[in-house]
Amino acid sequence: MRLQFILAELGQGLRRNVSMTVSVVLVTFVSLTFVGASLLLQAQIGKLKDDWYDKVEVSVFLCPAGSPSPTCAGGEATPDQIAALEDLFETELADEVQTVYFESKDDAFSAFEERYPDGYLGTQLTVDDMQASFRLKLTNPENYEVVNDVVTGRPGVEVVEDQRRIFDSLFLALNRASLLSAGLAAVMLLAAVLLITTTIRLSALSRRRETGIMRLVGASNLFIQLPFLLEGAIAAVLGALLAVGGLWVGVKYLVTDWLSQSVTWVAYVDESDVLAIAPVLVGIAFLLAAVSSVVTLNRHTRV
C-alpha cells in the first residue's frame with residue numbers, strides 16, 4: 001500500500017513538472033557528457049603514453065668534426081671515448097638502459113640514402129657529413145633526466161636528445177583540452193544542481209496540501225520526502241544514461257569505425273572504456289540529485 005502510494009505521488013509529480021523534469025534531464029545529459037569526455041580524454045592520454053613512451057629512445061649524438069660544443073674541443077669522437085660510453089651504459093646506467101644500439105657514420109649514411117635516395121632538399125650528402133650516435137632504449141622512459149645528467153658533458157658527446165619531448169607538447173595540449181572540458185562540465189553540473197533544486201522545490205510547493213495531511217496522520221519525514229527524492233534521482237540518472245549512450249555512439253562511430261581505420265598506428269579508447277566510466281557518471285548524477293533534493297526538502301517538507 002505504501003509503495004503504491006509513493007509510486008502514485010511520483011507519477012503525479014513527474015506529470016506536474018514535465019518541462020522542468022525534461023530540463024533537468026537535458027542539462028544533466030550535457031554536463032555529464034562533458035565529464036565523460038574529460039574522463040575519456042584522460043584515458044586516451046594514458047593509452048598514448050603507454051604506447052608511445054615504450055617506443056621512444058634517447059639519442060646520444062657523438063662529436064662530429066668541427067663541432068662548436070665544448071666537449072668536442074678535441075674533434076671527432078675517438079674509439080676510446082666510444083668504448084668509455086659503452087662501458088658507462090653497461091655499468092653505471094645498467095639499471096636505467098634496457099638496450100643500446102650504436103649507429104656508426106656508415107649506418108647513418110645508409111639510413112639517409114634509403115630515406116632520401118635523391119638527396120635532402122637537392123643536396124647529396126656523404127658519409128663524412130653523418131654523425132655517429134647511440135640509441136638508448138630506457139627501462140623507464142620517465143627517467144630520462146637521470147640518463148641525461150650522467151651522459152651530458154662526457155668527452156665525445158655533443159648532445160643528448162629525448163624523443164619523448166616530441167610528444168610532450170601533444171600531451172600538454174590534450175591535458176589542457178581535458179581541463180577545459182572538466183571546467184565546462186563543472187559549470188553545467190552547477191546548472192543541473194540548481195535545476196534539480198528548483199524542480200523539487202516547485203514540486204514540494206505544489207503539493208503542500210498533501211504533505212500537510214501526511215504530517216497530520218503521522219507520516220515520517222522519509223515517507224513524505226521519498227517521492228520528491230525519486231523525482232530528482234530519476235531525472236538525473238536518465239540524463240546520465242543518455243550521456244553514456246551519447247558517448248558510446250560517439251566512440252563507436254567516430255573513433256572505432258572511422259578514426260582507428262584511418263590512423264591505425266595509434267591506440268584509441270573504445271566502447272569498453274565508455275562502459276567503464278558509466279558507473280561513475282550514474283553515481284555523480286545520483287549524488288547530485290540526492291544532495292540537492294535533501295537540502296531542498298529539509299526546508300519545505302520537514303515536520
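Select Ala-65 to begin, and you will find it in the loop between β1 and α3 of what is a predicted model. Ala-65 is exposed, with a relative accessible area of 63%. Add Glu-76 to the selection and draw a distance between the two C-alpha atoms: they are 4.6 Å apart in space, although 11 residues separate Ala-65 and Glu-76 in sequence.

From that loop, step back to strand β1, residues 58–62. How many of the residues of β1 are buried? The strand is mostly covered, with 5 of its 5 residues buried. Showing the side chains separates them into two sets, since Val-58, Val-60 and Leu-62 point one way from β1, whereas Ser-59 and Phe-61 point the other way, and all are buried.

Now widen the selection to the sheet to which β1 belongs. It is an open sheet formed by 4 strands in the order β2-β3-β1-β4, with antiparallel pairing. Which strands stand at the edges? They are β2 and β4, the latter covering residues 157–162, and each has a single partner strand, so one side of each is left without a neighbour in the sheet. Looking across the strands, you can follow a twist that averages 20 degrees from one strand to the next.

The partners of β1 can then be taken in turn. With β4, β1 pairs in the antiparallel sense over 5 bridges, and a useful pair of residues to label here is Leu-62 and Val-157 of β4, which stand opposite each other. With β3, β1 also pairs in the antiparallel sense, over 4 bridges, and in this case Val-60 is the residue to label, standing opposite Phe-134 in β3.

Next, display helix α3, residues 79–90, together with the sheet. The helix packs on the sheet and touches β1, β2, β3 and β4, while its direction makes about 5 degrees with that of β3.

Keep α3 and the sheet in view and show the aromatic rings. The model has 2 aromatic pairs. In one of them, the ring centres of Phe-89 and Phe-134 are 5.2 Å apart and the planes stand at 75 degrees; an angle over 60 degrees counts as edge-to-face, so this pair is classed that way. Phe-89 belongs to α3 and Phe-134 to strand β3 (residues 133–138), so the pair ties together parts that are 45 residues apart in sequence. Both residues of this pair are covered, Phe-89 being buried at 3% relative accessibility and Phe-134 being buried with a relative accessible area of 0%.

Then move from Phe-134 to Phe-102. Their ring centres lie 5.0 Å apart with the planes at 50 degrees, so the pair is tilted. Because Phe-102 lies in strand β2 (residues 97–103) and Phe-134 in β3, this pair ties together parts that are 32 residues apart in sequence. Is Phe-102 buried or partly exposed? At 28% relative accessibility, Phe-102 counts as partly exposed. Selecting the three rings at once shows the whole group, as Phe-89, Phe-102 and Phe-134 form one aromatic cluster.

Helix α4, residues 105–115, is the next stop, and its buried residues are Lys-105, Ala-108, Phe-109 and Phe-112. They cover an arc of only 100 degrees around the axis, which means that they sit on the same side of α4. To see part of what covers these buried residues, show β2, which is included in that cover.

Carry on to helix α5, residues 144–151, where the buried residues are Tyr-144, Val-147, Asn-148, Val-150 and Val-151. Viewed around the axis, they cover an arc of only 170 degrees, which puts them on the same side of α5. After α5, click on Gly-153, which follows the helix and has a positive phi, near 90 degrees.

The last selection comes from the record. UniProt, in an unreviewed entry, places the feature "transmembrane region" at residues 21–45, 179–202, 222–255 and 275–297. One of these spans, residues 21–45, is 100% helix and 0% strand in the model, and its end C-alpha atoms lie 36 Å apart.

Note on methods
Residues are numbered from 1 along each chain as its sequence is written. This is a predicted model: local features need pLDDT of at least 70, side-chain atom pairs count only at pLDDT 80 or more; totals for chains, interfaces and linings use all residues. Side-chain values use heavy atoms; hydrogens and water are left out. UniProt positions are given in the numbering used here, feature names are shortened, and annotations may be inferred rather than shown by experiment. Rings of Phe, Tyr and Trp (its six-membered ring) pair if their centres lie within 6.5 Å; planes under 30 degrees apart count as stacked, over 60 as edge-to-face and the rest as tilted. Buried means under 20% relative accessible area, exposed over 50%, partly exposed in between (1.4 Å probe, protein chains only). Two strands pair if DSSP finds at least two bridges between them. Axes are lines fitted to C-alpha atoms, for helices over the stretch in contact, and angles run from 0 to 180 degrees between N-to-C directions. Contact means heavy atoms within 4.5 Å. The arc is that of the directions from the helix axis to the C-beta atoms.
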